[in-house]
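This report goes through selected local features of one protein chain, taking strand pairing, a helix, a helix residue and some backbone angles in turn. Please keep the sequence and the structure in view while reading.

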Amino acid sequence: MRVVCSIAALLCLTLIAGCGSQSTRPGEIADGSPYPSSGSARVTGDFAGYPGVEPFIRRMQQQGFAPNQVAAVLSGAKREQWIIDAMDRQAPRPSTGPTGAWIRYRAKFLTPDNIANGVRFWQQNEAALNRASARYGVPPEYIVAIIGVETRYGGYVGKTRIVDALATLAFAYPRRADYFSGELASFLVMTKEEGIDPFGPRGSYAGAMGLGQFMPSSFRDYSVDFDGDRHRNLWNPADAIGSVANYFKSHGWQAGVPVAVRANVQSPGTARAIKSGFDTRYSLSELAGRGITPAGSLGGASQVSLLEFDVGTGYAYWLGSQNFYTITRYNHSSYYAMAVHQLARAIAERKGA
């Protein structure tokens, strides 16, 4: 989620200069607040007249925002049709048999460059990674791998204005309007708390931000000031590292427990007949009764998930621990979590950790 640190630092400095300066801009009040304190509460621009706008303004009143403050932000936001089109393309395509989907997915992330750049990011941020690992119990390689999968260690954090992405999805995308309205609300609270211009932060077309691609609600709940400057800035490598580790710890990461091990399967047909996925729970004895056993230690885990991966010639099976499930709290996909796991192991091996 190259020359990693210098790029990330440039992004951080650009955000601070563009979003947190004390100079005023149209709509700001003299004390530097990004929210106006007077003027009309009528929304103009791309979202004028949208049915969800007035309820959203009332919702923000309950969080301490004056109606004209919210109206000023929404009036400056842009409706982006390409974001709606991109969201519609996310629908999963059903598969009738093995097609090699895991091989193709894995190849996007486990590349020589991604592994080498992960080692470089680790070396350049070793002190912060060691401190985060000690505090939260998450091995450095998994923090590095998340940032690598999400943004190539800060190389691709996204160029879309967050306010445009979230307003478009909150007001012009009914299928997910409730979710993105909540994220837009969290974003406005976040920018007010951190004292930054709501038109400044840029990220993904779905509203994710920084090296770790946190959504605004995750920013508010799990981001940490890890460099001690009294600001949470996910474009800063130290804050991003501490925040990813805190996110994992808060979602049940268990120190010292392996993430996943390969499964020995006596009968592929039997394994296919059993429900698989990161949200399954089986005792090792139950799986053993069906001819499925771990090929390595699971660190004393009493329950595991059965994971199935399409490798083209058939299916490969793994057993996932609580830590595998924790990774899926970042992205609800077994393929995603396994890519993070395998990238983490490859980076650690290359670094000699």
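In which sense do strand β3 and strand β7 pair, and over how many bridges? In this predicted model, strand β3 (residues 260-265) and strand β7 (residues 315-320) pair in the antiparallel sense, and three bridges join them. Within this pairing, Val 261 has Leu 319 of β7 as its bridge partner. Strand β3 also pairs with strand β5 (residues 292-294), again in the antiparallel sense and over three bridges, and here Ala 263 is matched with Pro 294 of β5. As background, the side chains of a regular strand alternate between the two faces of the sheet.

**Helix α10**

Helix α10 covers residues 177-194, and at 1.5 Å a residue its 18 residues should span 26 Å, which agrees with the 25 Å that separates its end C-alpha atoms. Because 14 of the 18 residues of α10 are buried, the helix is largely enclosed by the rest of the structure. The residue that follows α10 is Gly 195, and its phi is positive, near 70 degrees.

**Ile 115 in helix α6**

Ile 115 belongs to helix α6, which is made up of residues 112-124. With a relative accessible area of 11%, Ile 115 falls under the 20% cut-off and is therefore buried. Leaving aside neighbours within four places in sequence, Ile 115 is in contact with Leu 343, Ala 346, Ile 347 and Arg 350. Ala 145 lies 30 residues from Ile 115 along the chain, and the C-alpha atoms of these two residues are separated by 8.9 Å.

**Positive phi angles outside glycine**

Two residues other than glycine also have a positive phi, Gln 213 and Arg 230. Their angles and places in the chain are set out below.

| Residue | Phi | Place |
|---|---|---|
| Gln 213 | near 55 degrees | loop between β2 (202-203) and α11 (216-222) |
| Arg 230 | about 70 degrees | loop between α11 and α12 (237-250) |

Are these loop residues buried or exposed? Gln 213 is buried, with a relative accessible area of 12%, whereas Arg 230, at 76% relative accessibility, counts as exposed. The cut-offs behind these words are under 20% for buried and over 50% for exposed.

Definitions and conventions
Residues numbered from 1 in each chain as written. Predicted model: local features only at pLDDT ≥ 70, side-chain atom pairs only at ≥ 80, totals over all residues. Heavy atoms only, no water. Helix = DSSP H or I, 4+ residues; strand = E, 2+ residues; numbered from the N terminus. Expected span 1.5 Å × (residues − 1). Buried < 20%, exposed > 50% of the residue type's maximum accessible area, 1.4 Å probe, protein only. Contact = heavy atoms within 4.5 Å. Pairing = 2+ DSSP bridges.
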